[in-house]
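Me: I am new to this structure and would like to understand how its labels are reached. Could we go through them one at a time, with the reasoning spelled out?

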Amino acid sequence: MRAQTIDVKESTGRILSSTVFRPGGRKLLAKGHLLSEDDVRLLETEGLGRVWVTELEEGEVGEDDAVSQVAVEMGCGSLEIRLAAGGRANVFATETCCVLVDDDLLRAVNCASSIVIATNVNFSFAGPGQRIATVKTVPFAVAQSHLEAVIAILRERGPILQARPIRSPSVAVLYSDPMNGDRARQLFESVMRQRLEKFGTAVHFALPATEEESAVARSLQHLLRAHPTAVLVASTTAPAGPDDTVGRAMIRVGCRLERFLAPVEPGNLLLLGYKDDIPIVSAPGCFRSAKPNVVDLVLPPMLARYRISGWEIACLGHGGLLA
């Protein structure tokens, strides 16, 4: 890229190398701005005769074009891209969604070139109009070869980010207690309502059950017949493992147990299983308080009907210390 001072009349189509200010210090045109014919007339009206500009050379791509191309390739789902000043493209959610991020691919792109990407945390909940990612490049221009390398990585391994929509989710809750399921319901119902309201949903189906294998299994069967998006088991007891009452009941109704133990505090004793495509989550103690815990981390992808793997639960350890 070549920088030079030229006559304002010859500056159409050039890029400003520095910000232009009005007398008194008010900004007129920003650094990096692509000058149009209207801009040139404005500069002349303000009494400027010469401006400092840059010009793209062969093998270079302008900053706005570069970040736009990367933003298009890096994401998918319910999102839109908006250019911002200074060689930046911002990505916004267009509806309520869960943000899924490929951490390894994000690191690969951020290490590879003069373009960097910042995103929301994986599994985070986002509302319509919320910014969920931004793409930034070096000022003015990027080498065509660098841009092509990034695009090639994204097309081969992408996308980095998915804005997976959350549409009409339904949540079923099983309240269980060794003596009386209604006791668990009385203890947890208010907190459960507060937690789900944060994600724009509510309890659609609920049953209390005595924490005994056949009773829990029977209640789970009833809730599963409603085909909820997810089932939450709010128990007053802490399991020692999948062989305890809730785990045995999940197996009894045909669940595949995906993961026991999460590297998250609070929420270590999470038990996750799937009955077909419906996740069932037991997280003892997590419904006593509305403070963040493992349930808040796994609910957004579940509400977006994304199947969380045991590996992904294991990856929650980085940042999993919530208390």
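Me: What makes C111 count as exposed or buried?

Reply: This is a predicted model, and in it C111 has a relative accessibility of 70%. Exposed means over 50%, so C111 counts as exposed.

Me: Why is C76 called partly exposed?

Reply: The relative accessible area of C76 is 32%; because buried means under 20% and exposed means over 50%, C76 falls in between and is called partly exposed.

Me: How do you know whether C76 is in a disulfide?

Reply: A disulfide needs a pair of cysteine sulfur atoms within 2.5 Å, whereas the closest cysteine sulfur to that of C76 belongs to C97 and is 11 Å away, which is too far for a bond. C111 is likewise in no disulfide, with the sulfur of C315, its nearest, 18 Å away. By this rule the count for the model comes to 0 disulfides.

Me: Which residues and elements line the largest pocket?

Reply: The largest pocket holds about 850 Å³ of space and is lined by 31 residues, with V101, D103, N122, F123 and C315 nearest its centre. Among the elements that each supply at least two lining residues are β10 (97-101) and α8 (294-303), while α3 gives the most, with 4 residues.

Me: What classes of residue make up that lining?

Reply: The lining of the largest pocket has 16 nonpolar, 8 polar and 7 charged residues; Cys counts as nonpolar and Asp as charged, so C315 and D103, both of them lining residues, belong to the nonpolar and charged classes respectively.

Note on methods: Residues numbered from 1 in each chain as written. Predicted model: local features only at pLDDT ≥ 70, side-chain atom pairs only at ≥ 80, totals over all residues. Heavy atoms only, no water. Buried < 20%, exposed > 50% of the residue type's maximum accessible area, 1.4 Å probe, protein only. 1 Å grid on protein atoms, 1.4 Å probe; cavity = no way out; pocket = protein on both sides within 12 Å on 5 of 7 lines; lining within 4 Å. Points joined across faces, edges and corners; volume = space filled by probe spheres on them.
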